[in-house]
2 protein chains.
Amino acid sequence: MKTADPELMRAINRLNVLDTIRRHGPISRIEISERTELSTTTVSAITASLLDDGLILPRHEGDIRNEAVRGRPRVALELNPDAARVVGGKIAANRMVFVVTNFRGDVLSKLALPIRIDRQPIGVIADLVEDGVRRCVVDAGLSLEDVDSICLGFPGVIEHRTGYIRSSPIFRDINVDFAAEMSTRLSTPTIVESDAHAITLGHHWFGKARDLEDMVLISLEQTLGLGVLHGNRLFRGAGGLSHNLGDLVLGMGPNGVMRLFSQAGESAILGEHQTDGRFAEAIRLGRGMTHAQALIKADDDRLIASAIRAGEAVGLTIANIVTLFAPPRVILVGSSLALGEPFLNSLRDAYALAIPPSLKGVSELVFDDSSDDFWAQGAAAVALYELYESPWSTTGPAL
Amino acid sequence: MKTADPELMRAINRLNVLDTIRRHGPISRIEISERTELSTTTVSAITASLLDDGLILPRHEGDIRNEAVRGRPRVALELNPDAARVVGGKIAANRMVFVVTNFRGDVLSKLALPIRIDRQPIGVIADLVEDGVRRCVVDAGLSLEDVDSICLGFPGVIEHRTGYIRSSPIFRDINVDFAAEMSTRLSTPTIVESDAHAITLGHHWFGKARDLEDMVLISLEQTLGLGVLHGNRLFRGAGGLSHNLGDLVLGMGPNGVMRLFSQAGESAILGEHQTDGRFAEAIRLGRGMTHAQALIKADDDRLIASAIRAGEAVGLTIANIVTLFAPPRVILVGSSLALGEPFLNSLRDAYALAIPPSLKGVSELVFDDSSDDFWAQGAAAVALYELYESPWSTTGPAL
DNA sequence: AATATTTATAACGGGTTACGAATTAAATAG
DNA sequence: CTATTTAATTCGTAACCCGTTATAAATATT
């Protein structure tokens, strides 16, 4: 527990001001003062300091004058895009995507590598990631020295605080200290995070949850992930662990415990078709879901049945999550959404059936089919968040 | 968001000091300084202010001298027990328990009313609660004017922030503004809280989670409740809602959705025996579980089967909760624990089976069979918690 | 009894913060 | 060109924490 001294006070207000500028675009000092409830004089001092540090910039040009307002015009302040550069990455079993963004989150360059890294030795994966980061940085016309921070999003159970990847489908080993490995390789601070957490923050900053401070996101990919936004912050499990929804138990089946991933995991949905040669090939190339989509359109009965079963399982799970967190919005993302109507309809139906009557209507379901870039952009947001969030977490007494 | 001014700074440090005094018993100023990492001079100023406000007291008497330590002896400071009085209550379907505690949480008087209030009109319930509170206060040798705050713990879904009881098995209606009702009746600030949340805080302050800042508690009573402690504070759902574990879906059964309460709720376990006249009578009198215990000892097959089924359902649920929150400890409380070995063993087995291998060993299961007093004491802790944060404890500038 | 040791408070200066009132800056209206 | 209006800054005030120093208090040691 940090002691509350003037330094902390300043840090809090600084962050508050900086965050208001980030959220509410170009904004004048008085508007900041109104939103933060800080005095104009304090805002002036803080913005001066931020300007001095090069984190924000005045905006003379546009001058969106509200016309016919007399008096000294407000000068709008906005984030200095060039105040920092970060790399965000999404590492999946058959695809890696990187983006370089500036301080504002604008994408400067992106790079997709459709490579299967599944179960490769750690060294090989690290090689590929390193290469991808370096290439993406070069593509942005930058050098690694210009990059302040890197965040990599992985599927599986990630311990954000320590940088360990506890378990992930793309690693044979468990408890891999990947953050340290990449930090030394790239000589740039690198953090790892659950891909679900990353895109959760991405949606909070850029996507479909900009207006909310509480929200739940469920990612349906090879692994089934969960991101919880609580009071504008990512809610991490005790110890900073990320959640692995796929391990949730749905009940007892004939073969013992029945877990969610055995019903709704990517491999569970597609797995039964491995006899089909072309399909197996498509899966290996990471096109499993799009190919499945085509099959469903062609009324492939077995796949449709799988999709329906998966939708039911996910619908029930979402109802349980809503029972626990009561978020105003649930965002669903991930490749499995490509299964289309059979999946989504059964998901909706199961959710409607399973949601307790008392909670009916408190949560809206939103489906989001953003591209992989957006995941990487979310990882970049995590990196940015770390860059200027540090002091705020330590406030509040330990009651 | 609150603006960070010197006043907030002082309030934070004050709370920090007050909290360390509460937690670490009689404690000297330098030890406070060490623990809080505040300077001795600041600690001196703050403790002087706390002494001035009568919230803490110096302790001359005991003087547990650490033997052969020369120099001026440390004077220990401790909470002033008489700085405040609160009432905590646990309201269940067939039993109400009240305690009056002082500022330190010591129980000054307790009162148990084994009355069935189940489904009575709101006015009747309010009458009984009012009567109980008044009698308990009198028993403590006090008058209601001496009581600073009251907290009542209810089963069901409680919206702590607004004081509304969203749904509870003891109310026919939903969305009852019970806090306001009791506040006016007793002319004392009254808050309502989920009984599970109350005993969660109780365990954090007085019970089996004093050493932890993250923890999960599961209450198995008429309703199935959940309390999550996260970073030393109660984690409430978005909107301040409490959780209702019983609504969790375990899977699809023959009759549609199968919820936890239909497997592990008190009535689900005992319900099948309503044909037995004596048993039904025992249930009506709130002795259902103890009677069930006797039946189990007598090898009542049907009841044992119910208990085993309930244990399995709860075990699976706990595994899911652990998957989501990864707490170092899970505390189980509630009347259903009285079912004994058949229930507990099947619970443990199901948990062991359902916990994901990667999380094996991160959580320890602790069973707690505290009496109803402890629940009420937990409610009192909630009331005290609120008092701590209320403005009156943060008096203005220190001279 | 005198001295050493440890704890607690008081007093001062230094540094930081936020805030309110007055002041300057920059534009429009007439 | 002046008056008006709004935005932003400067300046002075009060509060906070911190470090140092001095002083008082209470005990152990000599």
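How many salt bridges are there between chain B and chain A? The count is zero, where a salt bridge is a side-chain nitrogen of Lys or Arg within 4 Å of a carboxyl oxygen of Asp or Glu. The model is predicted: local features need pLDDT of at least 70, side-chain atom pairs count only at pLDDT 80 or more, and totals for chains, interfaces and linings use all residues. Residues are numbered from 1 along each chain as its sequence is written, chains are lettered from A in the order in which they are written, and side-chain values use heavy atoms, without hydrogens and water.

Chain B and chain A bury about 4600 Å² between them, 67% of it on carbon and sulfur atoms. This is the accessible area (1.4 Å probe) lost on being put together, summed over both parts. Chain B contributes 55 residues and chain A 52 residues to the contact (heavy atoms within 4.5 Å). On chain B, the side that touches chain A has 31 nonpolar, 14 polar and 10 charged residues; Gly counts as polar.

DNA strand C is surrounded by 23 residues (a heavy atom within 4 Å). The closest are A:N13, A:R70, B:R29, B:S44 and B:R72. Sugar and phosphate make up 78% of the strand C atoms that come within 4 Å of the protein. Polar side-chain atoms of three residues are placed against phosphate oxygens of strand C: B:S44 at 2.4 Å, B:R74 at 2.7 Å and A:T42 at 3.0 Å. By class, the surface near strand C has seven nonpolar, nine polar and seven charged residues.

Key:
Buried area is the accessible area (1.4 Å probe) that two parts lose on being put together, summed over both. A polar contact is a pair of N or O atoms within 3.5 Å; within protein, one must be able to donate a hydrogen and the other to accept it, and residues adjacent in sequence count only if both atoms are side-chain atoms.
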